[in-house]
Each structure stands twice: as structure tokens, then as C-alpha cells.
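Biologist: I am new to this one, so please walk me through it slowly. I would like to hear the reasoning behind each label.

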Amino acid sequence: MAFVGTVMATSNAGRWASVRVEEVWKGSGVPDKAEVRGGPKDPPGPVSVMTSVDRSYKKGVRYLFVPFSARPPYRDNSCTPTQPYRPALDRFRPAEVDERQPARESQPGATPRPVARTVRPVGSNPSWAAIPIAVLFVVGVVGLIRRRAAARRN
């Protein structure tokens, strides 16, 4: 899933964006107006919820969105390649982008295109599986270095 759009409004401390979708680069069924969520919802009251991977958006800025979910509301975070759009990204624009226009849900009688649904259990994001492995590797290397340094001193 990848699309280009301009943030029309933000909410939830700038972590949720209402987006006018201009081009669909990958995927189908992307509506012309989409919501992209870059973090969890704040609960009612003065409490604020944040995570270390929250992404925030700015109103009026055009982005290349690459969310990790394939259906609205789209989910995004700072680990995806979502970024403000700049001319250097034009070289990655697919040739068939003109054939993949956003579904015009705002037009009367428009039928949105079906969305391919991929269901994964919570916590099954493959990129998260690499983190514990990397931590164990680093701990092992540090332990080995310390053991060798101690052996040299003796």
C-alpha cells in the first residue's frame, strides 16, 4: 500500500491525519479521502498516550504514505517509509499510477473498489521479531569481549 496525499486536518496531537488522496502508487481501493493514524488514541481526560514509534503529520503538507495496514483507517508509524513528498521521489512513481486513481467515495453513487484484506495476528509484524534477536546478539558480543579482556589481564 502506497499513496500520495495532502494532509487536510490533524487530530489526536497531530498523530491522526485526514488526507486528500491524489495518487495511488500501490494497492487498490484507496478512497479519495482517507484517515491515517500514526499512533494510539488519547483516552478522555487530561491523560495522553504516546509510543516510541508515533508519527505526527502537519496540515497542508503533501506526503508519500506507506502505511502498514491495507484498509482504512490506515495505520502508520515512524518505522514505515512515509515521508513528506519531495521532487526526488518522482523517480519512484510507478508508470501505471494513472490507472490506479483513488476511489471517489465522495461522488454520489460511487462504489469503492474492494480492498485486499490481509489478516495477521496482533504482534505478528515480522520486523518486530528481529529486535529480540539483535539484542541477544549484541549482549553476546559484549559478553565475549569482556571475557576475552578479563582473560588477557590474568
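Modeller: Let's start with a definition: a polar contact is a pair of N or O atoms within 3.5 Å, where one must be able to donate a hydrogen and the other to accept it. Please keep in mind that this is a predicted model. The side chain of Asn12 reaches the backbone nitrogen of Asp42 at 3.0 Å.

Biologist: What makes the approach of the Asn12 side chain to the backbone oxygen of Pro40 a polar contact?

Modeller: The distance there is 2.7 Å, and the limit is 3.5 Å, so the pair counts as a polar contact. Asn12 itself is found in the loop between β1 and β2 (16-26).

Biologist: Why is Asn12 called buried?

Modeller: Buried means under 20% relative accessible area, and Asn12 has 14%, so the label fits.

Biologist: And Asn77, why does that residue count as buried?

Modeller: Its relative accessibility is 11%, which is under 20%, so Asn77 counts as buried. Asn77 sits in the loop between β5 and β6 (83-84). A polar atom of the Asn77 side chain lies 2.8 Å from the backbone nitrogen of Cys79.

Biologist: Thanks! Could we step back to the overall layout? How many helices and strands does the chain have?

Modeller: There is 1 helix and there are 6 strands. Along the sequence, the pattern reads β-β-β-β-β-β-α. The chain has 154 residues, and 31% of them count as buried.

Biologist: Let's turn to the rings. Why is the pair of Phe3 and Tyr74 called tilted?

Modeller: The ring centres are 5.4 Å apart, within the 6.5 Å needed for a pair. The planes meet at 55°; under 30 degrees would be stacked and over 60 edge-to-face, so this pair is tilted.

Biologist: How do you know that this pair ties together parts that are apart in sequence?

Modeller: Phe3 belongs to strand β1 (residues 2-11) and Tyr74 to strand β5 (residues 74-75), so the pair joins parts that are 71 residues apart in sequence. Both Phe3 and Tyr74 are buried.

Biologist: What makes Tyr57 and Phe65 a tilted pair?

Modeller: Their centres are 5.8 Å apart and their planes are at 45°. That angle is neither under 30 degrees nor over 60, so the pair is tilted. Tyr57 has a relative accessible area of 4% and is buried, and Phe65, at 0%, is buried as well. The structure holds 6 aromatic pairs, and ring pairs link Phe3, Tyr57, Tyr63, Phe65 and Tyr74 into a cluster.

Biologist: Now for the charges. Why is the link between Glu35 and Arg37 called a salt bridge?

Modeller: Side chains of opposite charge can pair when their charged atoms come close. For Glu35 and Arg37, the N to O distance is 3.1 Å, and the limit is 4 Å, so the pair is a salt bridge. The structure holds 7 salt bridges.

Biologist: Why is Arg37 called partly exposed?

Modeller: Arg37 has 28% relative accessibility, which is neither under 20% nor over 50%, so it counts as partly exposed. The charged end of Arg37 also sits over the ring of Trp16, 4.0 Å from its centre.

Biologist: What makes Asp76 and Arg55 a salt bridge?

Modeller: Their closest N and O atoms are 3.3 Å apart, within the 4 Å limit, so they qualify. Asp76 is in the loop between β5 and β6, and Arg55 is in the loop between β3 (33-37) and β4 (62-65), so placed that the pair links distant parts of the chain, 21 residues apart. Both residues, Asp76 and Arg55, are buried.

Biologist: Which residues are linked in a network of salt bridges?

Modeller: Those are Arg15, Asp42 and Asp54.

Biologist: One last question: which residues form the nonpolar patch on the surface?

Modeller: Phe137, Val138, Val141, Val142 and Ile145 form that patch, with about 460 Å² of accessible area together. One of them, Val138, lies in helix α1 (residues 126-153).

How values were computed. Residues numbered from 1 in each chain as written. Predicted model: local features only at pLDDT ≥ 70, side-chain atom pairs only at ≥ 80, totals over all residues. Heavy atoms only, no water. Helix = DSSP H or I, 4+ residues; strand = E, 2+ residues; numbered from the N terminus. Buried < 20%, exposed > 50% of the residue type's maximum accessible area, 1.4 Å probe, protein only. Lys NZ or Arg CZ within 6 Å of the ring centre and 35° of its normal. Patch = residues over 30% accessible without salt bridge, like charges linked within 9 Å, V, L, I, M, F, W, Y side chains within 5 Å. Areas by Shrake-Rupley, 256 points an atom, 1.4 Å probe, with all protein chains shown as cover. Salt bridge = Lys/Arg side-chain N within 4 Å of Asp/Glu carboxyl O.
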